[in-house]
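Biologist: I'd like to go through this one with you, piece by piece. Can you put it up so that we can both look?

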Amino acid sequence: MPSMEEYAKQSLSDRRNRLDRTPDELAAAISGQPAATLAKRPAEKSWAAVEVVCHLRDAEEAFHARFQMFLAMDDVQLLPADADRMAIDRQYLRCDAREAVAAFGRWRAETLQILRKLTPEQWKRGGTHPQRGRMTFDDFLSLMCWHDDNHLDQLRRAVAGQP
Amino acid sequence: MPFAYYDRLTKAQKEIYRRSDGITEVRLPRPAELHPLVGSLDVALRTEKRDDTQRATERLIRGLTDALAIPPVKVEVLAARPHAKWGELHGLYTVERGKPPTIQLWMRTAKQKRVVAFRTYMRTLLHEVGHHVDYALLRLPDSFHTEGFYKRESSLFYQLVPDAARPDAKPAVTSAEDWARVPIDERLARLERTPNDLARLMRGQSDAALSRRPATEAWSAKEVVCHLRDAEEHLSGWMALILANDDPVLIEAGAAARWAEDRQYARQHAGAAWDAFGRRRDETLTLLRALTPRQWQWSGRHARRGRMTVDFLLSLMAWHDDDHVAQLRRALRGE
């Protein structure tokens, strides 16, 4: 699995294609799995498959909002997000994984629309991430590729009952 | 046609009666300015707390006397109505020499001890204010129950509760702009009450009742609670963004209907959503109560609403609470 730094060396187009594939890869990873399997946590503190998908869905909405901010203002100070709290508050375990993949796919298509229209100048726009410091659109594209890989891997492990 | 008791009046009293009967309206200069106070009273009455209702009643009556440029009155809100064979006493206006006039209002029914409906309470309040208006504004030597008197009471009611004139009348929910005229402490108190307002409405309701949509396109009570939870995260996020940035752009996240679908509100548990909303609300209140006067005026830019200060966001949240508490109540009634 490439790291974020390794993704950063790939072309914009390769990275965008990687993002484009994720909804189908998620759908394939949960295909044929019963709801009980998808909602089973492999360990007490490890997310179930459905929680992983819901996280990707909500993270995608958050990425989308951040990108709109990058285009509208200079160097915004981004706020931290608590993914574990979101999983509890938004009751991920009660969700249907396939519906969550569909919702993720809709958000992903909208994110890619933004990323396909950026000018070279706009790729340098960005904000300050609470943990990672200043990040441009370009950096975020690499982060999202790595984030997709990471959670796809986590999802496949969860389906197999491995934390 | 005068009421039957007219014939028993003296000549001087009949003259007062006729003057009273001839005045059918009391115009408030800017009734919209009093709407937030009416909304607060509606909310306070629903808390069923006498102290809250007393304060909200005092503020509204003071607002009315100020608007009409007449002397203030002393206000007392009492619990259960006194009753006897003649019926129940709803309100009382008294004037004693050397003392300020007093309005007493009872907020509970005599026998069942139930809190009276908002509109009934408003009617009683305006009835007693009407007596004060007779003496202080219209300069009538006595205050009779004439047809004109009741029309004046109605004219005040419909200026203060304009929605009541419509067949699809809703509770007195105010706009964010109206809330913006209410003191910060009162707006914070409104926010603080909302989790309890929701709990009171949801208590004892089955999951089926909480999950039932009153119409295809109208949210169930459970969806309303999930929405309030997510909106709380979103709006407090805007506040945090304003505090961390200089005049940031406030991005509208997914539309509320999209949240409901994407996040699958219909599959969620209403009690757990209420719990999460309550925790977020506590955090919002902690953040807001720690603000300096300058920070209240910091702002962000919103595509549709323009520049919004933290102060205005608080008003927006108060209105948003009103709106959705009313929606939840309607959903449970199947409306």
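Modeller: Ground rule for sheets: two strands pair if DSSP finds at least two bridges between them. Helices (H or I, at least four residues) and strands (E, at least two) are DSSP runs, numbered from the N terminus. This is a predicted model, where local features need pLDDT of at least 70 and side-chain atom pairs count only at pLDDT 80 or more, while totals for chains, interfaces and linings use all residues. Residues are numbered from 1 along each chain as its sequence is written, with chains lettered from A and ligands numbered from 1 in the order in which they are written.

Biologist: What ipTM does the predictor give the complex?

Modeller: There are two scores for the complex. The pTM is 0.69, and the ipTM is 0.96.

Biologist: And over which residues of chain B is the pLDDT below 50?

Modeller: pLDDT is the predictor's confidence in each residue, from 0 to 100. Chain B averages 89, and 94% of its residues score at least 70. One stretch of chain B falls below 50 and has eight contacts beyond near neighbours in sequence (a contact means C-beta atoms, placed from the backbone, within 7 Å). Where pLDDT is low, the predicted coordinates should not be read in detail. The stretch is residues 165-171.

Biologist: Over to chain A: which residue in S3(A) stands opposite Gly126(A)?

Modeller: S2(A), residues 126-129, pairs antiparallel with S3(A), residues 133-136, over four bridges. The two make a hairpin with three residues between them. Opposite Gly126(A) you'll find Thr136(A).

Biologist: Which are the edge strands of the chain A sheet?

Modeller: The open sheet has the order S1-S2-S3, with mixed pairing. S1(A), residues 76-77, runs parallel to S2(A) over two bridges, and Gln77(A) has Thr128(A) as its bridge partner. The strands that pair on one side only are S1 and S3 of chain A.

Biologist: Which part of chain A supplies the largest share of the side that touches chain B?

Modeller: 18 residues of chain A are in contact with 19 of chain B. H4, S1 and H6 (97-117) of chain A each supply at least two residues of chain A's side. The largest share, six residues, comes from H4(A).

Biologist: In chain B, why is one side of S6 and of S8 left without a neighbour in the sheet?

Modeller: Chain B has an open sheet in the order S6-S7-S8, again with mixed pairing. S7(B), residues 299-302, joins S8(B) antiparallel through four bridges, with Gly300(B) partnered by Met308(B). S6 (249-250) and S8 (306-309) of chain B stand at the edges, so one side of each is free because each has a single partner strand.

Biologist: Last one: how many charged residues does the contact of H1(B) with H5(B) have?

Modeller: H1(B), residues 11-22, and H5(B), residues 147-160, pack at about 35° with axes 6 Å apart (axes are lines fitted to C-alpha atoms, for helices over the stretch in contact; angles run from 0 to 180 degrees between N-to-C directions). Ser20(B), Asp21(B) and Gly22(B) meet Glu147(B), Gly148(B) and Phe149(B) there. Ala, Val, Leu, Ile, Met, Phe, Trp, Tyr, Cys and Pro count as nonpolar, Asp, Glu, Lys and Arg as charged, and the others, Gly among them, as polar. By class that makes one nonpolar, three polar and, for your question, two charged residues.

Technical notes: Contact = placed C-beta atoms within 7 Å.
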